[in-house]
Amino acid sequence: GKDKGKGKGKGNGEPAVYVGGLSYDTTTEDLKYHFESFGEITYARVMTDRESGRSRGCGKVAFAREEDRDTAISQLDQSELDGRTISVRAFT
């Protein structure tokens with residue numbers, strides 16, 4: 001059934017967004033800062049290349065509440081971050 005707020009499992013069912021089009025200069029801190037005005041963030045990470053450690057230009061941000069995630073998607077999709085237009089969509 002739908003047990004709200006009990007799941008401790010990492011990554012399953014937490015309301016998260018996938019962020020694409022990031023500048024290679026954008027750090028995890030930058031990403032978190034860009035999103036945290038919309039609600040409590042439980043996870044934020046810029047994806048990096050395993051070999052070089054360089055940013056891959058995308059990231060993931062997870063929110064404590066689904067409605068905050070939905071607001072962030074509607075407000076931040078096609079917004080500008082570090083001079084780049086980013087895309088924000090539900091992380092599936």
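**Exercise 1. The second helix**

Which residues of α2 are buried?

*Solution.* The model is a predicted one. In α2, the buried residues are D68, R69, A72 and L76. Viewed down the axis of α2, these buried residues fall within an arc of 100°, so they line one face of the helix. The next step is to identify what that face meets: the buried residues of α2 pack against β1, α1, β3, β4 and β5. Finally, the residue that follows α2 is Q78, and its phi is positive, near 65°.

**Exercise 2. The first helix**

Determine which residues of α1 are buried and which are exposed, and state where each group lies.

*Solution.* Helix α1 spans residues 28-35, and L31, H34 and F35 in it are buried. These residues cover an arc of only 90° around the axis, which puts them on the same side of α1. On the other side of α1 are E29 and Y33, which are exposed. The buried residues of α1 pack against β1, β2, β3, α2, β4 and β5.

**Exercise 3. The order of the sheet**

Establish the strand order of the sheet and identify its edge strands.

*Solution.* The sheet is open and consists of five strands in the order β2-β3-β1-β5-β4, with antiparallel pairing. The edge strands are β2 and β4, since each pairs on one side only. From one strand to the next, the twist averages 30°.

The pairings may now be followed across the sheet in that order.

- β2 and β3 run antiparallel and are joined by six bridges; the bridge partner of I41 in β3 is F63.
- β3 and β1 also run antiparallel, joined by five bridges; V17 stands opposite V61 in β3.
- β1 and β5 pair in the antiparallel sense over four bridges; V19 has V88 in β5 as its bridge partner.
- β5 and β4 pair in the antiparallel sense over three bridges; L81 stands opposite R84 in β5.

**Exercise 4. The β2-β3 connection**

How many residues lie between β2 and β3 in their hairpin, and which residue in the turn has a positive phi?

*Solution.* Strand β2 covers residues 41-48 and β3 covers residues 55-63. The two strands form a hairpin with six residues between them. In the turn, G53 has a positive phi of about 80°.

**Exercise 5. Helices against the sheet**

Describe how α1 and α2 are placed relative to the strands.

*Solution.* Consider α1 to begin with: this helix lies across β1, β2, β3, β4 and β5, and runs at about 140° to β2. Helix α2 packs on the sheet as well, touching β1, β3, β4 and β5. The direction of α2 makes about 145° with that of β5. Turn next to β1: four of the five residues of this strand are buried, so β1 is largely enclosed by the rest of the structure.

**Exercise 6. An aromatic pair**

Classify the geometry of the Y18 and F91 rings, and assess the accessibility of both residues.

*Solution.* A search of the whole structure finds two aromatic pairs. In the pair Y18 and F91, the ring centres are 6.5 Å apart and the planes stand at 40°, so the pair is tilted. The angle belongs to this class because planes under 30 degrees apart would count as stacked and those over 60 as edge-to-face. The pair links distant parts of the chain: Y18 belongs to strand β1 (residues 16-20), F91 to the segment after β5 (84-90), and the two are 73 residues apart. As to accessibility, Y18 has a relative value of 23% and counts as partly exposed. F91, at 32%, likewise counts as partly exposed.

**Exercise 7. Charges over rings**

Which charged ends sit over the rings of Y24 and Y43?

*Solution.* Over the ring of Y24 sits the charged end of R54, 4.9 Å from the ring centre. Y24 is located in the loop between β1 and α1. Y24 and R54 are 30 residues apart along the chain, and their C-alpha atoms are separated by 7.5 Å. Leaving aside residues up to four places away in sequence, Y24 touches R54, S55, R56 and G57. Over the ring of Y43 sits the charged end of K60, 5.5 Å from the ring centre.

Definitions and conventions. Residues are numbered from 1 along each chain as its sequence is written. This is a predicted model: local features need pLDDT of at least 70, side-chain atom pairs count only at pLDDT 80 or more; totals for chains, interfaces and linings use all residues. Side-chain values use heavy atoms; hydrogens and water are left out. Rings of Phe, Tyr and Trp (its six-membered ring) pair if their centres lie within 6.5 Å; planes under 30 degrees apart count as stacked, over 60 as edge-to-face and the rest as tilted. Buried means under 20% relative accessible area, exposed over 50%, partly exposed in between (1.4 Å probe, protein chains only). A charge sits over a ring if NZ of Lys or CZ of Arg is within 6 Å of the ring centre and within 35 degrees of the ring normal. The arc is that of the directions from the helix axis to the C-beta atoms. Contact means heavy atoms within 4.5 Å. Two strands pair if DSSP finds at least two bridges between them. Axes are lines fitted to C-alpha atoms, for helices over the stretch in contact, and angles run from 0 to 180 degrees between N-to-C directions.
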